[in-house]
Amino acid sequence: MVANHQNAHDFLFVASCTKRPISFMAKKELFKGPLRWILKSIKTIAVDRKCKNPQAIQQASIHLKNKRLICIFPEGTFNKTTMPLASFKKGAVRLAIDNNVPIVPITIEIKRRQVRIDVDKPIWMKSKDYEEQTIRLRELMMKKIRGMTWN
């Protein structure tokens, strides 16, 4: 699963979309104090955003092999741009391709204290080109966000 990242509550919105257990990938800085225990208990995977993370990728791959969902926010942080989506990192696409699993795009929009969540159908990556498929995924999610209407 991948979702756009607007605020600290996004993981709750994603979790509300399924009854299956989900492991989130989260920045390692969150693993401090009592929050560390909570994150570890729900099998959150710590990511060091300043360097490559073979250990995090390996943990995520193990979860996928055990049929556990992984949720990644491919923007890597809250979107602070004026665009509906910031640029995407390649990790989600890499995990999907390398583990032969589809990606379920989730778009979250928050306006006037209302939340809209769209869970799209699973998509399979068409090639092993991480960069190309990451661009394709972002474009698909951008189209979905721009198509959301509010009453």
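Here is a short tour of a predicted model, going from its sheet to its two largest pockets and then to one buried threonine.

**Stop 1: the sheet**

Start by selecting β2 (22–27), β3 (45–47) and β4 (69–71). Together they make an open sheet of three strands, in the order β3-β2-β4, and the pairing is parallel. β3 and β4 are the edge strands, each pairing on one side only. Look along the sheet and you'll see the twist, which averages 25° from one strand to the next.

Now zoom in on β2 and β4, which pair in the parallel sense over three bridges. Pick Phe24 and you'll find it standing opposite Cys71 in β4.

Next, add α3 (54–65) to the selection. This helix lies across β2, β3 and β4, and it runs at about 155° to β3.

**Stop 2: the largest pocket**

Show Met25, Val47, Arg49, Phe73 and Gly76: of the 38 residues that line the largest pocket, these lie nearest its centre. The space here comes to about 1,200 Å³. Which elements give two or more residues to the lining? Colour α1 (10–15), β2, α2 (33–41), α3 and α4 (91–99), and you have them.

Try colouring the lining by class as well: 21 residues are nonpolar, seven are polar and 10 are charged.

**Stop 3: the second largest pocket**

Move on to the second largest pocket, with a volume of about 430 Å³. To find its centre, select Met1, Leu64, Leu69, Val101 and Pro102, the closest of the 19 lining residues. α3, β4 and α4 each give two or more residues to this lining. Which of the elements gives the most? That's α4, with three residues.

Colour by class again, and the lining of this second pocket divides into 14 nonpolar residues, one polar and four charged.

**Stop 4: Thr107**

Finish in strand β5 (residues 105–111), where you'll find Thr107. Is Thr107 buried or exposed? Its relative accessibility is 1%, so Thr107 counts as buried, the cut-off for that label being under 20%.

To see what packs around Thr107, leave out residues up to four places away in sequence and show what it touches. You should get Asn4, then Arg116, Ile117 and Asp118, and finally Met141, Lys144, Ile145 and Met148.

Conventions: Residues are numbered from 1 along each chain as its sequence is written. This is a predicted model: local features need pLDDT of at least 70, side-chain atom pairs count only at pLDDT 80 or more; totals for chains, interfaces and linings use all residues. Side-chain values use heavy atoms; hydrogens and water are left out. On a 1 Å grid over the protein atoms alone, a cavity is a set of points where a 1.4 Å probe fits but cannot get out, and a pocket is an open set with protein on both sides within 12 Å along at least five of seven lines; lining residues have an atom within 4 Å of a point. Grid points are joined across faces, edges and corners, and a volume is the space filled by probe spheres set on the points. Helices (H or I, at least four residues) and strands (E, at least two) are DSSP runs, numbered from the N terminus. Ala, Val, Leu, Ile, Met, Phe, Trp, Tyr, Cys and Pro count as nonpolar, Asp, Glu, Lys and Arg as charged, and the others, Gly among them, as polar. Two strands pair if DSSP finds at least two bridges between them. Axes are lines fitted to C-alpha atoms, for helices over the stretch in contact, and angles run from 0 to 180 degrees between N-to-C directions. Contact means heavy atoms within 4.5 Å. Buried means under 20% relative accessible area, exposed over 50%, partly exposed in between (1.4 Å probe, protein chains only).
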